[in-house]
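Me: Could you take a close look at one part of this fold for me, and stay with it long enough that I can see what sits around it? I'd like one connected walk through it.

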Amino acid sequence: MTTSEKEKYKCIIPLLASGDEEEDKDYKGPTPAELLEPLFKQSSCSYRIESYWTYEVCHGKHIRQYHEEKETGQKINIQEYYLGNMLRKSPLLDPEQEEKENENDSVKEIPTKNIEGQMTPYYPIGMGNGTPCSLRQNLPRSSSVMYICHPEAKHEILSVAEVTTCEYEVVVLTPLLCSHPKYRFRASPVNDIFCQSLPGSPLKPHKLEQLEQQQEMMKMPFRRAKEEEINAAKEEKFSSFHKPVAVGIPQLLTVGTTHISKMTDDQLIKEFLSGSYCFHGGVGWWRYEFCYGKYVHQYHKDKENGKTTIVVGTWNKEEHLDWAQKNVARTYHLKDDGLQSVKMVSHYYGNGDVCDLTDKPRQVTVKLKCKESDSPHAVTVYMLEPHSCQYILGVESPVICKILDTSDEYGLLSVPS
């Protein structure tokens, strides 16, 4: 290669093959269908709640779109459509087909889909024989369920889209595929190009050295400012950590599980119980923000329209105490030593934004649950809507395990002594 100043270099273009590809070739483990088998055998269902419709994916069985309304006298009126039913009795192939799949697996191209800007491999399962579609001469609705690896997912529905009239795509996040190398998420590799100067040329091109010196000069003021920030933070001993939790893991899809800042547990608990340390979570369009003793918000950020926020519920201690006298605010589980410990507390947050469907304020029951994890600072946040504009917000974390036993008969928590 020759630069604009006639400096000459011999450059080596790297091979793009990687160890991951070798791992793909050597993989002899279960097929994707076999990895998903436990999910289908459990007869489990996943739900996605949107402003009007709720989507139900009962894995290996059906996909349903429905809306519930309470009429006078507490009668429930359900509007529903089946977007697809399983075409076979089992999503798994018969033994002969399975053997053919295994033979072809090493050469078969894995389909990918653009998920949040990243081409992501998925395993598709087709479902047909849904509710007849009047817009297509009563042909049955059909769907493709795309299962995507995410190590911390709980089989959440990431998205539901109608790609053509009465034909749907459903994306489901699952940890079950992650043991298969072809279905793991991979960031695009960065491969270095190595260059060696030829006789009569400098080790580095003159213009490259100038550019590097300019970049170094530009970094200096920022580096000094950063050092000052770090020193100030040390002096404050984390007193300024009032920022919301950042949801998701770098290079992975956003799910309701995150890892909160590893400040000291005592400091974290004080910040959480004071309402200044908020948890964020959610999958897809809507995200959720929970600030203990303050509010629950549902929000969406858009580059064009900014942030749209719906107040799901606000904290009022008197209203919660009244609610706790009529409902179970504290539940227990029996430990191995025969003693009881608090498993979960429930808090009532009312007076949210008025719901268009009910003309009443939204309300939410927040369930704070102890959940053991390999990561002591993992937090899972999820939202359910069992009735129109009446929500359940689940918050699960090892951090909560440390404070549940401080709860009183109304489920109210305090800083451990």
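Reply: Let's start at the S-S bond of C149 and C178: its torsion is about 105 degrees, so this disulfide is right-handed. C149 belongs to strand β11 (residues 142-149) and C178 to the loop between β13 and β14 (194-197), so the link ties together parts that are 29 residues apart in sequence. Bear in mind that this is a predicted model. The two sulfurs are 2.2 Å apart, which puts them inside the 2.5 Å cut-off for calling a disulfide. Neither end is out in the open: C149 and C178 are both buried.

Now look at what else meets β11. Helix α2 (residues 32-41) has P32, A33, L35, L36, L39 and F40 as its buried residues. Seen down the helix axis, these residues stay within an arc of 155 degrees, so they line one face of α2. That fits the usual geometry: an α-helix has 3.6 residues a turn, so residues three or four places apart point the same way. And what covers that face? Among the elements over the buried residues of α2 are β8 (123-128), β11 and β13. So you meet β11 again here, as part of the cover of α2, after finding C149 in β11. Just past the helix, S43 takes a positive phi of about 55 degrees.

The rings tell a related story. There are 10 aromatic pairs in the structure. One of them is F40 with Y147: the ring centres are 6.1 Å apart and the planes sit at 80 degrees, so this is an edge-to-face pair. F40 is in helix α2 and Y147 in strand β11, so the pair ties together parts that are 107 residues apart in sequence. Both rings belong to buried residues, F40 as well as Y147. Another edge-to-face case is Y123 with Y183, with centres 6.4 Å apart and planes at 80 degrees. Here Y123 comes from strand β8 and Y183 from the loop between β13 and β14, so the pair ties together parts that are 60 residues apart in sequence. Y123 and Y183 are buried too. Notice the loop: Y183 lies between β13 and β14, and C178 was placed in the loop between β13 and β14 as well.

There's another disulfide to add to this picture, joining C133 to C166 with an S to S distance of 2.0 Å. It is right-handed as well, with 65 degrees about the S-S bond. C133 sits in strand β9 (residues 132-133) and C166 in the loop between β12 (157-164) and β13 (167-174), so far-off parts of the chain, 33 residues apart, are linked. C133 and C166 are both buried. Seven disulfides are found in the structure altogether.

For something to set beside these, jump further along the chain to C355 and C389, whose sulfurs are 2.0 Å apart. The torsion there is about 60 degrees, so that disulfide is right-handed. It links distant parts of the chain, 34 residues apart: C355 from the loop between β21 (340-350) and β22 (363-370), and C389 from the loop between β23 (378-387) and β24 (390-397). C355 counts as buried at 1% relative accessibility, and C389 counts as buried at 5%.

The strands flanking those loops pair up. β21 and β22 run antiparallel, joined by six bridges, and S346 stands opposite K367 of β22. β22 and β24 pair in the parallel sense, over eight bridges. One place to check that is Q363, whose bridge partner in β24 is Q390.

If you want to follow the rings outside the α2 region, ring pairs link F272, F279, F290, Y292, W315 and Y349 into a cluster. There are also charges over rings: R64 lies over the face of Y66, 4.0 Å from the ring centre, and the charged end of K307 is placed over the ring of Y299, at 4.5 Å from its centre.

Back where we began, then: β11 carries C149 of the disulfide, Y147 of a ring pair with α2, and part of the cover over the buried residues of that helix.

Note on methods: Residues numbered from 1 in each chain as written. Predicted model: local features only at pLDDT ≥ 70, side-chain atom pairs only at ≥ 80, totals over all residues. Heavy atoms only, no water. Helix = DSSP H or I, 4+ residues; strand = E, 2+ residues; numbered from the N terminus. Buried < 20%, exposed > 50% of the residue type's maximum accessible area, 1.4 Å probe, protein only. Arc of directions from axis to C-beta. Contact = heavy atoms within 4.5 Å. Phe/Tyr/Trp six-rings, centres within 6.5 Å; stacked < 30°, edge-to-face > 60°. Lys NZ or Arg CZ within 6 Å of the ring centre and 35° of its normal. Pairing = 2+ DSSP bridges.
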